[in-house]
Structure formats: C-alpha cells, structure tokens
Amino acid sequence: MSNAAKAEVVLALHRFGMGPRPGSIAAIGTDPRGALIAELDRPLTLTAAASLPTSAKAYRTVADANARRTARAKQAQQQAKKQQMAATQVAAGEQSQAQSEGQAPAQGQEKDAAEMAAKQAADAIPDPGRPIYLQEAKLRTEAALSAEIGFAERLVWFWSNHFCISANRIQSMSGAYEREAVRANALGRFVDLLLATEGHPAMLFYLDNLESMGANSTAGINRSRGLNENFAREIMELHTLGVRTGYTQDDVISFANVLTGWTLVPPGADPTHGGEFTFNPRLHEPGGQTVLGKRYEQEDAEQGRAVLRDLAAHPATATHVATKLARHFVADEPPPALIEQLAKTFRDTEGDLKQVAIAMVSSDDAWRGPPSKLKRPGEWVVGMVRATGITLVDPVRYTGGQQLLGEPLWRPSMPKGYPDDEASWIDGVGRRLDVANNFAERITGMADPQVIIEDVFASEIASEVKQAVGRAESRQQALALLFMSADFQRR
C-alpha cells in the first residue's frame, strides 16, 4: 500500500470512525470509502443488550426501590420515636419550669435520632439506577472499541447527542433511550428517528412534558395548571428546523398544545406498564391547532405525530441536519458545497439517514481538509484505548474519566447537547494529559508505543512525534506523549 493510500485510510479511521486499532488498516485495504459504506450494512445491535432492562422496566425498578426506601424510612422513624418516648417518660404531674425548659433539647435530640434512623434504613436499600447506567455505558463503549472502523457507532453517538437527554434527570433510562430510540433508527429514515426519540418517555421526562396540559383540557381546568413550552420549542429549534428558520412564538405555543397529553404511565398506577409512553386525553388541549400555517384537527397522539412528520420533511430540517453532520465529522466550518450536497440527499431520499451518510463519505469535500478538527473528549479517549487493542472497560473508571474531561456520558448541561467546535473544548486539553498519563501508567506492561506507531498507525504519525516518543525517558512517558499528540487529538 502506498503512503498516500495509508494516509487516506488513517484519515478515514479518524475522521469518520473511532480511530485505528490493531488490524484495522489492513482490514480496510485500499478502498476506505467502500469500507466505510460497507460498515453501514452491518447490524447496529449491542452485544449482550438482551441482558439489559427496557427503559420502562428500568424506570419501574428505580421507582419500586424508591418506594421501598420511603416505606423503610417511615417505619424506622416511627420505631425510633416509640423507643425514645418510652425511654424519656417522666413521672406524671411534675410541671416545674426547670423540667419544662429541659424538655426542648430532649425533643430536638429525639427528632435528630429519628431522622438518622430513617436515613440509615433508607440507605440500606441501594439505588438500582446507577448499576443500570454503568452497564449501559460499558456495552456502549465496548461496541466502539471493538468496531472495525466505528463509522456506524459514531453516527449513533452523533444522533444521541443531537436528540440528547440527561442522566442527571433520568439516569435509569439514559442508556436504554439510546438503544431503543437512537441506535434502532440511526441508519433509517429521519422521520422514524424523530418519532422514536420525541415519543420516548425519557425525552418527555427530560423536557418537562409529563404534566404539560392544555388550559382548556379537563386536567387544566380542574388543576388550574397549564402549558409547558419546553418540549415543543426544543423540537423546533434543536431537533428539526434550527434557529431563525421562520417559526414564531405562536407556532411554539400551538405545537406545545398539540403535544399535551404525551406522557408516561405512572409506575405506581400500573406495575406492568409503568414508565411506558401513553397519551392521556385528560391533559390534551381540545380542538385543532395551526402550526407553520397548517391546520391539524386530530384529537389524539396522531395530532403530534402529524406535526412531527411535517417537521421532518421541512427543507429547513434538511439544512439543519446537514450542517450539524458536516460540522461534526469534517470541520468546524464545513464546506458549503458539502452541506448543500447532504441537504439535497436528505430531501431527495425523504430523510434516508444511511444515504446521507453515504453521500458524506463519497464526497471529495469531506476528505480534502487536513485532520485539524479537535476530537471531543469521548472520541479521544476511545481512540486512545482502541490503539492499544483493549476492548473491555471498567465503566466506573471510564465514566469517571469522562466526568473529569468535561463530557460526562449522557449528561449534557443543556438540551442542545455537547458542542462540536474547538473553542468549547480547547481549554480542557490540559486535563487530557492527566488521563493520558494515568492510562499510560496502567498499560505500560502491555502496550509498546513503537508498535502503535508502526503497526496500528502504519507509521502515519508526524515525524516530530516519532522523535519525541523515541527520546522519552520511559515507556509510560512515550505512551503519554503519543496519546497527547495531534495524531490522536485531531481528525
């Protein structure tokens, strides 16, 4: 293979995949574009995913544990109060001022002791949400580590961030949401991905739609509560049309009314179906609504689905999605011709996301620029680990590292997800050195930096990096220098 061919293969692995791993360059051969496209034909299923609970089951499991914690705490508090009352009884009839003044601290001590007993009893029942989250993180990360190229996995990560939720609000569902709504539709039609994500209970929970109710709905009248516009606004602004694309505040309000009634089954109300999507007509604003100049007269969840279908087909959505894809994979300021090509493919194929991905890697515009785009922390960590051939991870250590680097898994601080530009991440590069040093120390006995350079990267590493690695005082230092180089940091 010529040097130019090897350079293109390495670029393919970095720009569109998860980074080189042992054997990946040879497996791709001389047709990196064809290899990227071929990977899209493979199933996007996770190994051992069958062992994981559904999002609804995970939600019920946590709700059940919380109910038991509350019951156990109340029992312990009641028992503590009974024991203290028996221990502090005094002879009847003694009502002196001294005794009266001495009772206040005793009552305070009783209260503190009861609260402590309640806390200890509740803590005896662990929160099952954390182990579920960690197992989901483990399988997701190991899928990225074991993929030959990782293009399909990168698409899952991209769409998961585009339609983000936060584990800070709904930890138990965060991984299952990605599996059920995103992974299952990442290579299908955009409209199906949109319907799956917006109708998922995790999204409804995250964007505060569970109790949004129309002012004229049965629940709205009885409870004197009203509309929450968050869900509708984020769908338009972030998930479909993009900002400043012609919709008005009236459109947001109308769409929010359309989405009233989209909620989940309370876990306490139904132990079998709690946590699943349901349409509650008592919350729904009655009557038709006008969104973007079109009237929608449906009376149930189909009203919302009809609006979503039209948003998916809107030309502004094609441009918004194309711009984000090009920015994520190619450059902070992607070529306008590439954006238009992806948008046209999106429109011509009615949002076939696989065809849009194929159009991207088939375009010369996607390959011309140098590997100058700074990787997000999660991409960099996976690329570093892949280069060593490791395919299994400790999810506690991995998620802790992500937290340190400022990109905690499934925990963006805002509904727009994690940013995709260098300015947002460059200040945190220094923290990557700590992670690189720590990882290098742990793998010094099993990873050779020269093997990574020559075999995994086919010597497609900058000459100054090779020299720095060769002059390093120890293997640990050599590995850390290699992992911190632009060859690992940028794509």
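Biologist: Happy to look at this with you! If contact means heavy atoms within 4.5 Å, what share of contacts in the protein chain between residues at least 6 apart in sequence join residues at least 24 apart?

Modeller: Glad to help, and please keep in mind that this is a predicted model. Counting only contacts between residues at least 6 apart in sequence, the share that joins residues at least 24 apart is 75%.

Biologist: Thanks! How many helices and strands are there in the protein chain, and what percentage of its residues is buried?

Modeller: The C-alpha trace spans about 100 × 65 × 40 Å along its principal axes. The chain holds 24 helices and 4 strands. Of its 491 residues, the buried part comes to 52%.

Biologist: Which residues have the most contacts inside the largest nonpolar core?

Modeller: That core has 119 residues. Leaving out residues up to four places away in sequence, Trp159 touches Val182, Ala186, Phe190, Leu193, Val321, Leu325 and Leu353. Another core, of 6 residues, lies apart from it, with Ala137, Ala167, Leu409 and Trp410 among them. Inside the core of 119 residues, the ones with the most contacts are Phe151, Trp159 and Phe255.

Biologist: Now for the helix pairs. How are α4 and α8 oriented to each other?

Modeller: The axes of α4 (residues 55-87) and α8 (residues 167-183) come within 8 Å and cross at roughly 175 degrees. Angles over 145 degrees count as roughly antiparallel, so α4 is to α8 roughly antiparallel.

Biologist: Which residues make that contact, and how do they divide by class?

Modeller: From α4 come Ser55, Ala56, Ala58, Tyr59 and Val62. The α8 side supplies Ile170, Ser172, Met173, Ala176 and Glu180. By class, the contact has 7 nonpolar, 2 polar and 1 charged residues.

Biologist: And how is α3 oriented relative to α17?

Modeller: Here the axes of α3 (residues 32-39) and α17 (residues 353-362) come within 10 Å, crossing at roughly 170 degrees. Arg33, Leu36 and Ile37 in α3 meet Ile358, Val361 and Ser362 in α17. This contact has 4 nonpolar, 1 polar and 1 charged residues. With that crossing angle, α3 is to α17 roughly antiparallel.

Biologist: One last check, on α6: how many of its residues are buried, and how far apart are its end C-alpha atoms?

Modeller: Helix α6 (residues 129-146) is mostly covered, with 13 of its 18 residues buried. At 1.5 Å a residue, α6 should span 26 Å. The model agrees with that expectation, because the end C-alpha atoms of α6 are apart by 26 Å.

Notes. Residues are numbered from 1 along each chain as its sequence is written. This is a predicted model: local features need pLDDT of at least 70, side-chain atom pairs count only at pLDDT 80 or more; totals for chains, interfaces and linings use all residues. Side-chain values use heavy atoms; hydrogens and water are left out. Axes are lines fitted to C-alpha atoms, for helices over the stretch in contact, and angles run from 0 to 180 degrees between N-to-C directions. Helices (H or I, at least four residues) and strands (E, at least two) are DSSP runs, numbered from the N terminus. Angles under 35 degrees count as roughly parallel, over 145 as roughly antiparallel, 65 to 115 as roughly perpendicular and the rest as oblique. Contact means heavy atoms within 4.5 Å. Ala, Val, Leu, Ile, Met, Phe, Trp, Tyr, Cys and Pro count as nonpolar, Asp, Glu, Lys and Arg as charged, and the others, Gly among them, as polar. A nonpolar core is a set of buried Ala, Val, Leu, Ile, Met, Phe, Trp, Tyr and Cys residues joined through side-chain atoms within 4.5 Å. Buried means under 20% relative accessible area, exposed over 50%, partly exposed in between (1.4 Å probe, protein chains only). The expected span of a helix is 1.5 Å times one less than its number of residues.
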